Each structure stands twice: as C-alpha cells, then as structure tokens.
Amino acid sequence: SPVQNSPRMDEKAMYYCDSQPYGMYGGDWKGHVLPGTAFLIWGLHWLQGSLRRYYSNKPEEYRSLGYYGLSGSSPWPIEGVIKMVLTVIGGWLELTFQKENGYTRMICKPGTAREGHLNGKTVHNWQHFSAYPGFFISGIVDFVYHYTEMALPRDGEKVFLGLAFFNEGLIMLLHKKHDPLDVLLHQTLGYVMLATALSIWAEVVWPQSFTATLCRVGTVMGQGLVLWITATLIRGSYLIAWDQVYKQDQIPAQYAAVLIVQGILGLQCLFAVLAAISSLQVRERPPERGT
C-alpha cells in the first residue's frame, strides 16, 4: 500500500492523509504564546490574591480560595466567567481553523495515501481540544459554589479545578511524539500540569497551608514559562542550532532543559521580590497585653 511504501514512515510519529509527516512541532507560535501568557497572568492573579489574603489576617487564620478577586477577599467568580469564555473560544479555534476540515474528517478519504486510516491531524486537534472542557466545568462549579444555598462539600471548586489541570496534564503526557525535543517539552508540560493539580488538591486537604498555595501559583506559572519557551523554539526552528539531525541529536533537548530551569529560577526570584514588597506594606500590629 502507499502507506507501507512511504520512505518516511519510520522517521515521524504522525501523518497527514497524504502520508506527509508533521514537522518538528505540531503547533504554531500563537498557539503556544496565547495560552502561555494566560497561565502567567493567571498565576500572578492568584499570587496577588493569596498574598493579600495572607497578610490581611493573622497567618494562622489564612485559608486558601479556589478563585481570587483583586481585593483578596471572597470575590464574585470572575475567574469562572473567564474560564468558560476562553475555553469555548479556544476549543472552537482548535477544531475550526485547522487543515483537512479540522474535526470532521476522522478517517482519511478514498484516494489519499492513507485511505481508511485515522487522520493524524484530526486526532491531533481532538487531543488539544480535550484539554478544554475540564476548565469549562470548573468555571460552572465556581458559580454553583458562589451562588447556591445548598450544603455542598467544602472546597469542591478546588477539586474540580485540580481535575481540569490533571486532565490537561494527562493529555500532554500522551501527546508527545518521537523527537527528543518534542518529548522533553511535552513531558515537562505534563509533569508541571500534574504538579498544579496535586498542589490544588493539597490545598483541599490543608486549606490553611500557604505553602500549598504558593506551589499552585508556581506550577501554573511554570506552565506559562514552558509554553513560551516552546513558542520561542518554534519561531527559531529554522536555525541549524535546533536541528536534531534525523531526530537523533539530544543536545537541543538538553539546552531546552537549561532554558526551562533558568526560567524557574527567574520565577523564584519574582516570588521573593513580591513577597518582600507585600510584607513591607503590612502595618505592624501592636502587641497584645501580657505578651
């Protein structure tokens, strides 16, 4: 068959219906920069909300929230609105503006080189799309917990938020292909996403733990960092420095790991500066009598 006789079938992991393989990356620059920026902003929003909440009370009275407002108090669930709106837009773009009919052609049509086989591009798009619904559901749960008068399990909105990150992390780990650089980036993203889920669930178990909150903030900003690094590599993928030499050269993947670690160190410095600024803004309380 045309598929079996294709000289490229052992070199790539996924193919179009005409048997042409994907390039080094399965996405484009915008497709990584936009969600990367969203995760960075989301993390900064959580950071300011949690810091304000932590320093506005006695540390022992701190209790984390599933979503934050600009005041750090119990907010109107604007995060729920944003999650629902952005997931609908992102999912629609993922399935609509793609080659080969986006989501409608799951099987390659007659006359193509991969006739009767699954369409690699369509499967690829549905993998991406599968990461969105969990956040839409999380947004709905935010509203339910904010407005309902029913007795609901405490911190249930955090449980569903953690499930959303767990779902996208699982998709990302299963999404990796054969290239060393592709494997590194997808595995790193998957691990960081799963770490975000675990951090959120840790807040469910230990809601007074500010450390768990900082882990949630750091890991979601780490997602944004890795997505931005991936976008940078996509834009510079034409450079010979990133050539993996028939998918065997591990050096580009090793250098990408250096960039990721350096970015994490930068996030740590940012956290330290913001925490110091927040603590300086807190007025000292007069000591209680007898102390």
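Which residues in helix 4 meet Ile 171, Leu 174 and His 175 in helix 6? They are His 124, Gln 127 and His 128, with contact taken as heavy atoms within 4.5 Å. The model examined here is predicted, so local features need pLDDT of at least 70 and side-chain atom pairs count only at pLDDT 80 or more, while totals for chains, interfaces and linings use all residues. Residues are numbered from 1 along each chain as its sequence is written, and side-chain values use heavy atoms, leaving out hydrogens and water.

A look at the whole chain sets the scene. The protein chain holds nine helices and zero strands, where helices (H or I, at least four residues) and strands (E, at least two) are DSSP runs numbered from the N terminus. Of its 291 residues, 44% are buried, that is, under 20% relative accessible area with a 1.4 Å probe, protein chains only. The exposed surface comes to about 15,900 Å², and carbon and sulfur atoms supply 65% of it; the areas come from the Shrake-Rupley method with a 1.4 Å probe. Among contacts between residues at least 6 apart in sequence, 67% join residues at least 24 apart.

Helix 6 takes part in two of the packings described here. Helix 4 (residues 120-129) packs on helix 6 at an angle of about 155°, with the axes 9 Å apart; axes are lines fitted to C-alpha atoms over the stretch in contact, and angles run from 0 to 180 degrees between N-to-C directions. Helix 4 is therefore roughly antiparallel to helix 6, a label for angles over 145 degrees. Two nonpolar, four polar and no charged residues form this contact. In this scheme Ala, Val, Leu, Ile, Met, Phe, Trp, Tyr, Cys and Pro count as nonpolar, Asp, Glu, Lys and Arg as charged, and the others, Gly among them, as polar.

Helix 6 (residues 156-175) also packs against helix 7 (residues 180-205), at about 165° and with axes 8 Å apart, which makes this pair roughly antiparallel as well. The contact of helix 6 with helix 7 has 16 nonpolar, seven polar and three charged residues.

Two individual residues round out the picture. Thr 196, in helix 7, is buried because its relative accessible area is 0%. Beyond residues up to four places away in sequence, Thr 196 touches Phe 165, Arg 216, Thr 219, Val 220 and Gln 223. Asp 155 sits in the loop between helix 5 (133-147) and helix 6, and its phi is near 65°, a positive value in a residue other than glycine. Most residues other than glycine have a negative phi. With 7% relative accessibility, Asp 155 also counts as buried.

Terms used
Buried < 20%, exposed > 50% of the residue type's maximum accessible area, 1.4 Å probe, protein only. Parallel < 35°, antiparallel > 145°, perpendicular 65-115°, else oblique.
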